[in-house]
Number of protein chains: 2
Amino acid sequence: MTSKPTLAVVGATGAVGSAMLQMLTHHADVWGEIRLFDSPGAAGSKAAVRGEECEVLALGEGSEESFDGVDLALFLVPEAVAARWAPIAVAKGAVVVDTSTAFRGDPDVPLVVPEVNPHAARVRPRGIVASPGCTTLALIAAVGALHAEFGVAELVVTAQQAASGAGAGQAGVDALRAQLGLVAGDGELGTQPGDVRRAVGEDAGPFPGPLALNVLPWSGTAGEDGASSEEERVRDETRRVLGLPGLRIAVTCLRVPVVTGHSVSVHARFEHPVTVGRAHEVLATSPGVVLYDDPAAGDFPTPADVVGTDPAWVGRVRRSMDDERALDFFVCADNLRKGAALNALQIAESVVTDL
Amino acid sequence: MTSKPTLAVVGATGAVGSAMLQMLTHHADVWGEIRLFDSPGAAGSKAAVRGEECEVLALGEGSEESFDGVDLALFLVPEAVAARWAPIAVAKGAVVVDTSTAFRGDPDVPLVVPEVNPHAARVRPRGIVASPGCTTLALIAAVGALHAEFGVAELVVTAQQAASGAGAGQAGVDALRAQLGLVAGDGELGTQPGDVRRAVGEDAGPFPGPLALNVLPWSGTAGEDGASSEEERVRDETRRVLGLPGLRIAVTCLRVPVVTGHSVSVHARFEHPVTVGRAHEVLATSPGVVLYDDPAAGDFPTPADVVGTDPAWVGRVRRSMDDERALDFFVCADNLRKGAALNALQIAESVVTDL
């Protein structure tokens with residue numbers, strides 16, 4: 001390819017789309033034309049990228065031709081929209097990088113995290129590369145680095161998911177803020193059974209109960225055998241990205257009253273004995289990971305501190321209390337950035353050099 | 001003993017003390033005189049128990065004789081106060097039930113959860129019975145019941161601790177409410193690195209960082225090998241109560257913006273194969289446990305729903321995704337009730353029948 005490639009951003013006006021346009025503005029500019037797409041309701045509005053206002057094009061009947069000449073299309077839209085439009089973009093000649101759940105389980109679509117399995121993006125029978133979900137992306141760079149060193153044998157993870165990962169667009173964040181407004185002024189709430197539920201009322205937004213002053217042990221829809229769809233995804237995506245289809249992994253996904261920033265408590269058992277010293281060395285030198293680990297001095301990552309940043313932050317690294325082959329640690333990452341927009345853009349930037 | 005025993009409540013005006021006085025009012029009345037004690041600052045105030053206002057006696061120089069004739073003393077005070085005054089109460093002839101950390105590791109002090117190891121309370125060389133900490137108490141009734149059925153081999157737990165478990169008295173709750181007041185009205189907070197930390201300011205109360213809109217992966221003080229003191233306690237207490245000194249257990253304690261109600265994500269591996277059906281039967285018939293487990297219908301426990309109730313609520317019970325000997329589940333309990341006052345009172349009620 002001699003001229004710079006043309007990029008399409010599909011879903012440019014949502015929360016992930018906004019993060020993507022920011023990143024496109026600040027990353028090295030490898031793109032020629034950038035076309036923005038969104039649902040017909042957002043079409044005609046403008047969005048800023050690389051310092052310029054761009055018109056948002058409609059994704060709808062007759063807009064197939066808008067993909068003419070697109071070399072790479074970033075899909076930041078829900079599953080149903082991606083399932084319909086990604087093949088159209090491919091038919092028009094684009095490579096698609098999709099952040100939805102539509103293709104993550106398709107054996108003909110590689111599931112890629114550039115820090116862990118970058119080469120997988122080169123084999124894409126359907127012309128599509130999938131990006132994992134936000135919880136997998138929070139933990140996978142750290143787990144992948146430790147796996148390369150020690151060989152992971154088993155994972156037990158509990159994820160604390162932020163509000164912005166729930167619902168369409170801003171629905172989760174809006175619901176959390178509305179609930180906080182209802183409960184913040186009351187000096188008694190949270191002390192009697194169900195009082196927060198009554199204060200929040202029937203409409204808890206995209207959550208299965210009140211999120212303010214609470215922890216909800218459920219996100220997504222019902223999967224198999226009592227797991228939630230979110231838990232199944234973290235399991236399946238982690239196995240695929242690590243290339244360990246039989247990896248033993250137990251996942252619990254909780255929703256917590258945090259705006260943006262997923263955090264994950266990880267218990268990892270390895271094939272080989274581990275030391276915290278060597279784990280620190282590995283994590284401190286791994287791309288996409290920042291080690292921040294001196295808890296006695298107050299140095300540990302928290303979601304509110306790392307929101308808006310690119311890497312996965314790792315702290316609380318310790319030999320698991322009774323097992324010389326196991327480590328416990330805590331990871332935080334921005335679910336809209338590394339957890340969605342950033343990983344997709346990293347894939348796109350790696351793919352485009354091969355186009 | 002022919003007349004009803006005399007009870008002392010030491011630390012009657014704190015959060016746990018208030019819960020205790022409520023329970024004494026509503027439980028079957030096995031007590032004769034009830035004497036209330038607290039620090040000299042609270043002395044002279046009055047508190048209601050069994051429908052009567054009682055004067056609060058000072059715990060200070062010269063008040064040793066106030067324990068004359070006390071048969072059982074409930075200690076609901078910090079470690080240093082318990083360490084000094086519990087032996088005095090014992091010397092005056094009382095059996096002490098202590099909720100602090102002062103005696104939990106003492107081999108001559110039994111550590112008791114009446115649903116799990118009731119008989120241990122009968123052997124008390126120092127005249128003291130210890131009650132575990134709030135996080136252990138949230139999970140131990142369910143784990144103990146499953147252990148009796150399947151034989152527990154390994155535990156990996158991540159606890160989400162509520163604000164009321166931190167600091168002295170109401171300090172944790174007051175700090176969380178103050179922080180919520182500072183962040184609730186701002187529609188942008190939680191979206192930029194450290195913005196919540198700046199809004200909350202330097203004084204985060206008893207927490208090692210801002211708790212509103214956040215998750216803090218640290219509670220207590222620094223223990224050994226990177227663990228927090230809270231994590232070490234959950235490990236040690238769980239082993240003692242189950243009578244399994246070599247139990248493999250990994251613990252992570254997080255603090256979350258919940259007023260009261262600890263929740264715990266538990267991964268448990270057993271000696272014998274498990275089924276969810278049998279686990280449900282065991283949990284549904286175990287004292288101190290309520291099974292609430294139909295997540296697709298919205299039935300799972302949350303801290304805000306179970307606060308103010310006595311039992312440990314269990315939901316999300318499922319065979320761990322890849323292990324026929326393992327279960328994952330989620331437990332919630334009120335850290336001021338079962339997690340402190342209730343367990344101590346249950347011990348006292350069991351001890352008093354032997355006096």
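Trainee: Which cysteine has the sulfur closest to that of Cys332(B)?
Mentor: The gap is 14 Å, which is too far for a bond, because a disulfide needs a pair of cysteine sulfur atoms within 2.5 Å. Cys332(B) is also buried, at 0% relative accessibility (buried is under 20% relative accessible area, exposed over 50%, partly exposed in between, with a 1.4 Å probe and protein chains only). The cysteine with the closest sulfur is Cys134(B).

Trainee: What kind of model are we looking at?
Mentor: Residues are numbered from 1 along each chain as its sequence is written, chains are lettered from A and ligands numbered from 1 in the order in which they are written, and side-chain values use heavy atoms, with hydrogens and water left out. Local features need pLDDT of at least 70, side-chain atom pairs count only at pLDDT 80 or more, and totals for chains, interfaces and linings use all residues, since this is a model that is predicted.

Trainee: How many disulfides are there over all chains?
Mentor: Take Cys253(B), which is buried with a relative accessible area of 0%. Its closest cysteine sulfur, in Cys134(B), is 8.7 Å away, so that's too far for a bond. Over all chains, the number of disulfides is zero.

Trainee: OK, on to charges. How many salt bridges does the rule count over all chains?
Mentor: Side chains of opposite charge can pair when their charged atoms come close. The rule here wants a side-chain nitrogen of Lys or Arg within 4 Å of a carboxyl oxygen of Asp or Glu. Over all chains, that count comes to 38.

Trainee: Which residue does Glu61(A) pair with in a salt bridge?
Mentor: Glu61(A) is exposed at 70% relative accessible area, and the N to O distance in its salt bridge is 3.3 Å. The partner is partly exposed at 40%. That partner is Arg84(A).

Trainee: And how far apart in sequence are Lys92(A) and Asp68(A)?
Mentor: Their closest N and O atoms are 3.2 Å apart, in a salt bridge. Lys92(A) is in the loop between α2 and β6 (95-98) of chain A, and Asp68(A) in the loop between β4 and β5, so the pair links distant parts of the chain (helices, H or I, at least four residues, and strands, E, at least two, are DSSP runs numbered from the N terminus). Both residues count as partly exposed, Lys92(A) at 31% and Asp68(A) at 38%. In sequence, they are apart by 24 residues.

Trainee: Now the interface. How much area do chain A and chain B bury between them?
Mentor: The contact (heavy atoms within 4.5 Å) takes 70 residues from chain A and 70 residues from chain B. Buried area is the accessible area (1.4 Å probe) that two parts lose on being put together, summed over both. Of the area here, 57% is on carbon and sulfur atoms. The total is about 5700 Å².

Trainee: How many salt bridges run between chain A and chain B?
Mentor: One pair is Arg197(B) with Asp305(A), at 2.7 Å, N to O. There's also a salt-bridge network whose members include Glu154(A), Arg248(A), Glu154(B) and Arg248(B). Between chain A and chain B, the count is ten.
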